[in-house]
Amino acid sequence: MCGIVGYLGHREAYPIIVKGLKRLEYRGYDSAGIALYDGNDIKLSKTKGKVADLEVRVESEISTNGSLGIGHTRWATHGVPNDVNSHPHYSNSGELVIIHNGIIENYEALKKELTKRGYTFKSDTDTEVLINLIEDVKNKENVKLGKAVQIALNQVIGAYAIAVFDKNKPDEIVVARLGSPLAIGIGEDEFFIASDASPFIEFTNNAIYLEDEEMAIVRRHKGVKIRKIHDDSLVAPYVQELQLNLEEIEKGGYEHFMLKEIYEQPRAIMDTFRGRLLTDEAIIKMAGVEDNMKKFLNANRIIVVACGTSWHAGLVAEYIFEDLARIPVEVEYASEFRYRNPVITENDVLIAISQSGETADTLAAIKMAKSKGAFVFGVCNVVGSSIARETDAGAYTHAGPEIGVASTKAFTTQITVLTLMALRLARAKGTISSSDYRKYLFELESIPSKVEKALSSDNHVKMIANIYKNASNCLYLGRGFNFPVALEGALKLKEISYIHAEGYPAAEMKHGPIALIDEQMPVVVIATKKGHYEKVVSNIQEIKSRKGKIIGIVTEGDTSVKELADHVIEVPETIEALTPLLTTIPLQLLSYHIAVMLEKNVDQPRNLAKSVTVE
Ligand code: F6R
């Protein structure tokens, strides 16, 4: 939800900020803007649209020299996406300028107060209220910018990552965070501000990640001073060395990040296994699980909280944990869980799944569960993210940066981590025999090459995509372990192609959705061998009798479904519980190709953002 970038140093700020904003467009892309200090004054340019539109606007509007600047790419919360609501925002005097990621919840009350004191507002945003509040405090209290920011933030309710500068003090940027991420890159006599490290990775791999309720004053030649916003105490900066490299965040010859990330899955799953799946020794090693084994083994139940695709991975986990480890599992949408009054006890284990590690609802669900004494375990991709830090223990998925807004490799690596956990716990509980355990371990090891094989159906899937690209609706059916995959397949199609799609448990079809089936309706059915195969074949018969068009996802060498279906896409055979790792692949490819054929923006679908840091 919005990307922010800032630069203070000895280089030209403009190219660094623009490039950085492009890398952060996954966070929001409905408008963009930049403010530069040119040695005299602030030059500001902003526009509805993408960073590429901003570049065009900048060319005709402002000069781009200056070594201090801030930039923003927006996902609108307050105020429609238009030029005026785009960030940065000036204060009324024109001396201060701000970029903001988050929401100021009490902005209306603050705006009323400021209006009474003579302030005027050009935009509908909460951010313009905040910068004027800072200006008001600065003038009223006669304090420096840093102090004014601190006092103002103590009056604010909401979430923020902000960067502010004052044209009269062009040697400093003030930044602060609560609930939205903010990293400070430390170079040689230069500093970078960003929502994540990707904008500055080619300049430095030293970074400070601000914690919630911290602010920093970043000074040219002087460095970074961090304080707690609420009690003013000084915090010693903790400089981390980043592992990220430039290739990981570039397209590497693929047309879209989504396609690159689909193809990265064999490697990503292998990285998830690394150091954990030790087949020769017949063990699974996961520090976060080992260290907290008692908590898991004594748990009354596991509650999984997540959103979107991560929630689908949670559903797969429910089947796997219950089947293998015999631990009761409930899977909850974080947004629902946090607002009802769930019964949580100290004997519950909560597993929070999140690619970004920043999803606001998941974070809030974690905080609630912790306050009630539950043990909270995180499954995150982004290292050092808020959820990774907030949880009691966890396991990273190690998928590498996922930039395409539609989640692909995050999903399969989440399932991989959760499967390893379920197996490890099953072994500890004795709910799996040692021979079955070994069988799973060997089979898991072959999954990356089987995913590779599943990817080889790409051209065939593309041909099928071409036939169905103009469909208005699509049904996805699956049973057991593959029911969540049906939900995920439908989500992938709707979010990037804007075709309406629904996922259903195959047997539920006759309780309603069957009424939709006619010769116009493509129905994707996951019908791999084992896993209620015969029952799914009967469901396929029912669809065929109503003239629906059937695309079957089948096990290599299948003949029964082939006779009934209009098309089949084969995936290699594996243990039933591991099939989601393979059946997902053709569904990702199908939605990808349809969206490309419909000329949709695959990596940045409308209205979406990669990291949902607002509730
Ligand atoms: C769909 C998608 C979203 C995310 C959801 C949760 O392709 O990407 O549904 O899965 O917003 O995000 P994380 O996993 O970052 O918490």
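How many nonpolar, polar and charged residues are in the lining of the largest pocket? The legends below answer this and then visit other parts of this predicted model.

**View 1. The largest pocket and the residues around it.**
Let's start with the opening question: by class, the lining holds 14 nonpolar, 12 polar and 12 charged residues. The space in this pocket comes to about 920 Å³. There are 38 lining residues, and the closest to the pocket's centre are Leu-244, Asn-381, Val-382, Val-383 and Pro-401. Two elements, β15 (240–241) and α7 (265–273), each give two or more residues to this lining. Domain 1 (3–247) and domain 2 (251–451) each supply at least three of the lining residues.

**View 2. Domain 1 beside domain 2.**
Here is a step back to see how the chain is divided. The domain assignment gives domain 1 (3–247), domain 2 (251–451) and domain 3 (456–607). Between the C-alpha centres of domain 1 and domain 2 the distance is 34 Å. Where these two domains meet, 10 residues of domain 1 are in contact with eight residues of domain 2.

**View 3. The second largest pocket, with lining residues from domain 2 and domain 3.**
The volume of the second largest pocket is about 570 Å³. Look for Gly-308, Thr-309, Ala-609, Lys-610 and Val-612, which lie nearest its centre among 27 lining residues. Helices α10 (308–325), α12 (360–371) and α17 (483–497), together with strand β20 (348–354), each give two or more residues to the lining. Sorted by class, the lining residues are 11 nonpolar, 10 polar and six charged. At least three of them come from each of domain 2 (251–451) and domain 3 (456–607).

**View 4. The largest nonpolar core.**
A general idea helps with this view: in soluble globular proteins, nonpolar side chains tend to be buried together. In this model, the largest nonpolar core has 91 residues. The members that touch the most other members are Phe-321, Ile-351, Phe-377, Met-421, Leu-423 and Tyr-476. Helix α14 (residues 409–429) gives the largest share of this core, 10 residues. Domain 2 (251–451) and domain 3 (456–607) each contribute at least three residues to this core.

**View 5. Tyr-476 and the residues it touches.**
Now zoom in on one member of that core. Which residues does Tyr-476 touch, once those up to four places away in sequence are set aside? They are Ala-486, Gly-489, Ala-490, Leu-493, Ala-501, Glu-502, Gly-503, Tyr-504, Val-524, Leu-587 and Leu-590.

**View 6. The largest cavity.**
The structure holds five cavities of 30 Å³ or more. About 70 Å³ of space lies in the largest of them. Its lining is made up of Arg-479, Gly-480, Phe-481, Asn-482, Ile-526, Thr-528, Lys-530, Gly-531, His-532, Val-536, Glu-576 and Thr-579. Three of these lining residues are nonpolar, six are polar and three are charged.

**View 7. Val-331 in strand β19.**
Is Val-331 buried or exposed? Val-331 counts as buried because its relative accessible area is 17%, and buried means under 20%. Strand β19 covers residues 329–333 and includes Val-331. Leaving aside neighbours within four places in sequence, Val-331 is in contact with Val-304, Trp-311, Gly-314, Leu-315 and Glu-318. For a sense of scale, try finding Leu-133 too: Val-331 and Leu-133 are 198 residues apart in sequence, and their C-alpha atoms are 42 Å apart in space.

**View 8. Backbone details at Pro-88, Glu-213 and His-221.**
Most residues other than glycine have a negative phi, and most peptide bonds are trans. The peptide bond from His-87 to Pro-88, however, is cis, with omega near 0°. Pro-88 sits in the loop between β4 (68–74) and β5 (89–90). Glu-213 is not a glycine, yet its phi is positive, at about 70°. This residue, Glu-213, belongs to the loop between β11 (206–209) and β12 (214–219), and its relative accessibility of 34% makes it partly exposed. His-221 also has a positive phi, of about 65°, without being a glycine. You can find His-221 in the loop between β12 and β13 (223–228), where it counts as exposed because its relative accessibility is 61%.

Notes
Residues are numbered from 1 along each chain as its sequence is written. This is a predicted model: local features need pLDDT of at least 70, side-chain atom pairs count only at pLDDT 80 or more; totals for chains, interfaces and linings use all residues. Side-chain values use heavy atoms; hydrogens and water are left out. On a 1 Å grid over the protein atoms alone, a cavity is a set of points where a 1.4 Å probe fits but cannot get out, and a pocket is an open set with protein on both sides within 12 Å along at least five of seven lines; lining residues have an atom within 4 Å of a point. Grid points are joined across faces, edges and corners, and a volume is the space filled by probe spheres set on the points. Helices (H or I, at least four residues) and strands (E, at least two) are DSSP runs, numbered from the N terminus. Ala, Val, Leu, Ile, Met, Phe, Trp, Tyr, Cys and Pro count as nonpolar, Asp, Glu, Lys and Arg as charged, and the others, Gly among them, as polar. Domain bounds come from an automatic or database domain assignment. A nonpolar core is a set of buried Ala, Val, Leu, Ile, Met, Phe, Trp, Tyr and Cys residues joined through side-chain atoms within 4.5 Å. Buried means under 20% relative accessible area, exposed over 50%, partly exposed in between (1.4 Å probe, protein chains only). Contact means heavy atoms within 4.5 Å.
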